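The exercises below are meant to be worked through with the sequence and the three-dimensional model open side by side. Each task is followed by a solution that goes step by step.

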Amino acid sequence: MTRYGFLGPAGTFTDMALLDWVGDAPAERVPYATVDATLAAVRAGDIDAGMVPIENSVEGGVSATLDALATGEPLVVVGEVLVPITFVLAAAPGTTLADVTAVGTHSHAWAQVRGWMAANLPDVTYVPTLSTASAPEGLAHGDGERAAYQAAVCAPVAAHDHGLAILADDIGDIRNAVTRFVLVARPGALPPPTGADKTTLVIYQRTDHAGGLLELLEQFATRGINMTRLESRPTKDSMGSYCFSIDCEGHIADERVAEALMGLKRVSADVTFLGSYARADRQRASIAPRASDEDFRTARAWLDGLRRGGSSAG
């Protein structure tokens with residue numbers, strides 16, 4: 001039986017992502033209070049893999065995950081899951097909207113319901129919680145008063161699991177919001193290429209200089225590789241020191257991606273490879289003209305021939 005960790009408690013969107021990944025396969029699900037704790041358990045070998053959020057369509061990258069993956073013992077992403085995000089406002093049975101003076105939820109969830117709150121509960125106080133599931137859990141166990149909130153923003157399943165009443169349904173400001181989750185494991189055999197893959201990297205500049213980022217991005221552009229995410233993150237070494245977290249189309253087994261990695265290794269201070277894996281949306285990579293595997297192999301064969309003293313024709 002595979003042992004999976006996830007950002008808990010049960011009922012979080014991360015739990016929903018893990019359930020989607022596992023399906024009917026036998027598996028043990030272990031909740032952790034934070035992203036750091038989940039990934040630390042992966043590194044320690046306490047679990048086989050961990051499911052954590054990495055990006056959402058409203059707030060962008062999840063900094064806790066990006067930073068935890070960029071530092072510490074190596075980890076790799078082996079898969080991803082996309083989860084549509086729907087929020088409800090839940091409270092103990094008998095509570096009305098008029099009773100609510102404070103609302104508890106995770107910061108990323110709060111960012112996605114601020115407009116609804118401003119329109120319907122303009123004077124409400126926001127109380128941060130560890131996750132979208134810990135807030136309703138606190139209400140269900142009578143901790144809401146001590147936590148100074150009377151209602152929680154959470155997933156419908158979390159409200160149902162804790163026996164709470166739903167005061168308002170579908171309160172997200174953005175329709176069709178989606179969060180992307182990744183399954184993270186210790187380095188090992190990579191998932192095979194499917195033709196619809198992503199590769200995740202963290203790249204460090206040698207020096208901060210004019211055109212430095214362009215020099216890195218050219219390694220992708222000249223090989224016809226599309227990037228699907230680009231974010232800067234502080235290295236925490238000094239003020240103004242940043243690294244770049246990148247997702248690009250393709251697999252390390254693809255010639256164009258492999259050559260881009262070699263180019264990045266040559267021009268950057270360091271490259272952290274965080275895995276190649278199948279895309280959740282199964283969207284195949286868009287390969288630019290003259291950037292197919294065959295194009296790269298033909299060029300390499302031509303160069304090898306020149307090095308052996310052959311003709312430059314062909």
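Just after helix H3, Gly72 takes a positive phi of about 85°, and this residue is a convenient place to begin in what is a predicted model.

**Exercise 1. Describe how helix H3 is covered, and how H2 packs against H3.**

Step 1. Begin with burial, for which the cut-off is a relative accessible area under 20%. Six of the eight residues of H3 are buried, so the helix is mostly covered, and the buried residues are Thr65, Leu66, Asp67, Ala68, Leu69 and Ala70.

Step 2. Turn to the packing geometry. Helix H2 (residues 35-44) and helix H3 (residues 63-70) pack at an angle of about 30°, and their axes are 9 Å apart. Angles under 35 degrees count as roughly parallel, and H2 and H3 are therefore roughly parallel to each other. The crossing in which H2 passes H3 is right-handed.

Step 3. List the residues that make the contact. H2 contributes Val35, Asp36, Leu39 and Arg43, while H3 contributes Ala64, Thr65, Ala68 and Leu69. By class, the residues of this contact are five nonpolar, one polar and two charged.

**Exercise 2. Work out how H8 is oriented relative to H9, and which residues meet between H8 and H9.**

Step 1. Two packed helices are described by the angle between their axes and the distance between the axes. For helix H8 (residues 212-221) and helix H9 (residues 255-267), the angle is about 165° and the axes are 8 Å apart.

Step 2. That angle makes H8 roughly antiparallel to H9, since angles over 145 degrees are given that description. The crossing of H8 and H9 is right-handed.

Step 3. From H8, Glu215, Leu216, Gln219 and Phe220 meet Ala260, Gly263, Leu264, Arg266 and Val267 from H9. The residues of this contact divide into five nonpolar, two polar and two charged.

Step 4. Add Glu255, which also has its place in helix H9. With a relative accessibility of 17%, Glu255 counts as buried. Leaving aside its neighbours within four places in sequence, Glu255 is in contact with Asp293, Phe296, Arg297 and Arg300.

**Exercise 3. Identify which residues have the most contacts inside the largest nonpolar core, and follow the contacts of Ile171.**

Step 1. In soluble globular proteins, nonpolar side chains tend to be buried together. Here the largest nonpolar core has 32 residues, and those with the most contacts inside it are Met51, Phe87, Leu89, Val103, Met117, Val153 and Ile171. Helix H1 (residues 13-22) gives the most to this core, with four residues.

Step 2. Once its neighbours within four places in sequence are left aside, Ile171 is in contact with Phe87, Val88, Leu89, Gln112, Val113, Trp116, Met117 and Val153.

Step 3. Another core, of 23 residues, lies apart from the largest one, and its members include Ile47, Val52, Val77 and Val184.

Step 4. Return to helix H1, in which Thr14 lies. Thr14 is buried, with a relative accessible area of 3%. Beyond its neighbours within four places in sequence, Thr14 is in contact with Phe6, Leu7, Met51, Val52, Pro53 and Phe181.

**Exercise 4. Inspect the loops: which peptide bond is cis, and which residues other than glycine have a positive phi?**

Step 1. A cis peptide bond, with omega at about 5°, joins Gly8 and Pro9, and Pro9 has its place in the loop between strand E1 (2-7) and H1.

Step 2. Asn176 has a positive phi of about 65° although it is not a glycine. Asn176 lies in the loop between strand E10 (165-168) and strand E11 (178-185), where it is exposed, with a relative accessible area of 75%.

Step 3. Arg290, also not a glycine, has a positive phi near 65°. The place of Arg290 is in the loop between strand E15 (270-278) and helix H10 (293-307), and at 71% relative accessibility Arg290 counts as exposed.

**Exercise 5. Give an account of the protein chain overall.**

Step 1. The secondary structure comes to ten helices and 15 strands, and the C-alpha atoms fill a box of roughly 85 × 45 × 35 Å along the principal axes.

Step 2. Of the 314 residues in the protein chain, 47% are buried. Among contacts with a separation of 6 or more, 76% involve residues 24 or more positions apart.

Terms used
Residues are numbered from 1 along each chain as its sequence is written. This is a predicted model: local features need pLDDT of at least 70, side-chain atom pairs count only at pLDDT 80 or more; totals for chains, interfaces and linings use all residues. Side-chain values use heavy atoms; hydrogens and water are left out. Axes are lines fitted to C-alpha atoms, for helices over the stretch in contact, and angles run from 0 to 180 degrees between N-to-C directions. Helices (H or I, at least four residues) and strands (E, at least two) are DSSP runs, numbered from the N terminus. Angles under 35 degrees count as roughly parallel, over 145 as roughly antiparallel, 65 to 115 as roughly perpendicular and the rest as oblique. A crossing is left-handed if the near helix is turned anticlockwise from the far one by less than a right angle, and right-handed if clockwise. Contact means heavy atoms within 4.5 Å. Ala, Val, Leu, Ile, Met, Phe, Trp, Tyr, Cys and Pro count as nonpolar, Asp, Glu, Lys and Arg as charged, and the others, Gly among them, as polar. A nonpolar core is a set of buried Ala, Val, Leu, Ile, Met, Phe, Trp, Tyr and Cys residues joined through side-chain atoms within 4.5 Å. Buried means under 20% relative accessible area, exposed over 50%, partly exposed in between (1.4 Å probe, protein chains only).
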